[in-house]
Amino acid sequence: KWLLQVEKSMQKSLRKESSSSVTAYASDPRTQWVGEWPGQVVLEVDMIYWSKDVAEALDGGTVQQCFDSLQLQLVEVVQLVRGELPKLLRRTLGAMTTIDVHNKDVVEMLLQEKVSTADSFEWLAQLR
């Protein structure tokens with residue numbers, strides 16, 4: 001019984017942290033935001049915003065600008081990794097960099113295949 005209570009408490013805590021982090025992502029510079037939240041929350045919120053941004057870019061016809069923004073974000077994270085960082089933040093950034101590279105490649109594929117709507121199979125296949 002106590003283990004179930006611990007699990008429920010952890011879920012509640014993650015839900016609260018995730019909600020607060022979503023709000024902070026919108027207002028703080030990404031390179032600052034990443035160091036202020038637990039790694040699991042950082043990766044989750046980063047994917048939430050990537051999905052939202054790409055879907056909006058597809059529907060708004062701004063996929064190239066989205067791709068350019070992703071490249072800039074990747075450069076900023078790489079610059080951050082090259083500096084002095086705590087071990088845990090370095091691990092979070094390593095995982096985030098891997099995911100960001102994949103996300104950039106996905107958007108590049110969408111550009112090459114001239115995908116123009118968030119309802120297209122090519123995009124929906126990425127949301128599995």
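Where is the place of Asp 100? Asp 100 sits in helix 5. The legends below follow this residue and several others through a predicted model.

**View 1. Asp 100 and its surroundings in helix 5.** Is Asp 100 buried or exposed? Its relative accessible area is 8%. Asp 100 is therefore buried, since the cut-off for that label is under 20%. Leaving out residues up to four places away in sequence, Asp 100 touches Arg 30, Asp 46, Leu 74 and Val 77.

**View 2. The salt bridge between Asp 100 and Arg 30.** Side chains of opposite charge can pair when their charged atoms come close. Here the N to O distance is 2.7 Å. The pair links distant parts of the chain. Asp 100 belongs to helix 5 (residues 87-112), while Arg 30 belongs to helix 2. They are 70 residues apart. Both partners, Asp 100 and Arg 30, are buried.

**View 3. Asp 46 and Arg 30 in a salt bridge.** The closest N and O atoms of this pair are 2.8 Å apart. Asp 46 lies in helix 3 (residues 39-60) and Arg 30 in helix 2 (residues 30-33), so the salt bridge ties together parts that are 16 residues apart in sequence. Asp 46 and Arg 30 are both buried. Taken with the previous view, a network appears: salt bridges link Arg 30, Asp 46 and Asp 100.

**View 4. A salt bridge between Lys 52 and Asp 53.** The side chains of Lys 52 and Asp 53 meet at 3.3 Å, N to O. Lys 52 has 37% relative accessibility, so it counts as partly exposed. Asp 53 is also partly exposed, at 29%. How many salt bridges does the count come to? The count comes to five.

**View 5. Helix 4 and its buried residues.** Helix 4 covers residues 63-81, which makes 19 residues. From its first C-alpha to its last, helix 4 reaches 27 Å. That is close to the 27 Å expected at 1.5 Å a residue. Which residues of helix 4 are buried? They are Val 63, Cys 66, Phe 67, Leu 70, Gln 73, Leu 74 and Val 77. These residues cover an arc of only 120 degrees around the axis, so they lie on the same side of helix 4. An α-helix has 3.6 residues a turn, so residues three or four places apart point the same way. The cover over the buried residues of helix 4 includes helix 1, helix 2, helix 3 and helix 5.

**View 6. Trp 37 in the loop between helix 2 and helix 3.** Trp 37 has 18% relative accessibility, so it counts as buried. Setting aside neighbours within four places in sequence, Trp 37 is in contact with Glu 17, Ser 20, Ser 21, Ala 24 and Val 42. Leu 89 is 52 residues away from Trp 37 along the chain. The C-alpha atoms of Trp 37 and Leu 89 are separated by 9.5 Å.

**View 7. A nonpolar patch on the surface.** Which residues form this patch? Trp 2, Leu 3, Val 6 and Met 10 do, with about 460 Å² of accessible area together. Trp 2 is in helix 1 (residues 2-27). Its relative accessible area is 60%. Trp 2 is exposed because that label applies over 50%.

Key
Residues numbered from 1 in each chain as written. Predicted model: local features only at pLDDT ≥ 70, side-chain atom pairs only at ≥ 80, totals over all residues. Heavy atoms only, no water. Patch = residues over 30% accessible without salt bridge, like charges linked within 9 Å, V, L, I, M, F, W, Y side chains within 5 Å. Areas by Shrake-Rupley, 256 points an atom, 1.4 Å probe, with all protein chains shown as cover. Salt bridge = Lys/Arg side-chain N within 4 Å of Asp/Glu carboxyl O. Helix = DSSP H or I, 4+ residues; strand = E, 2+ residues; numbered from the N terminus. Buried < 20%, exposed > 50% of the residue type's maximum accessible area, 1.4 Å probe, protein only. Expected span 1.5 Å × (residues − 1). Arc of directions from axis to C-beta. Contact = heavy atoms within 4.5 Å.
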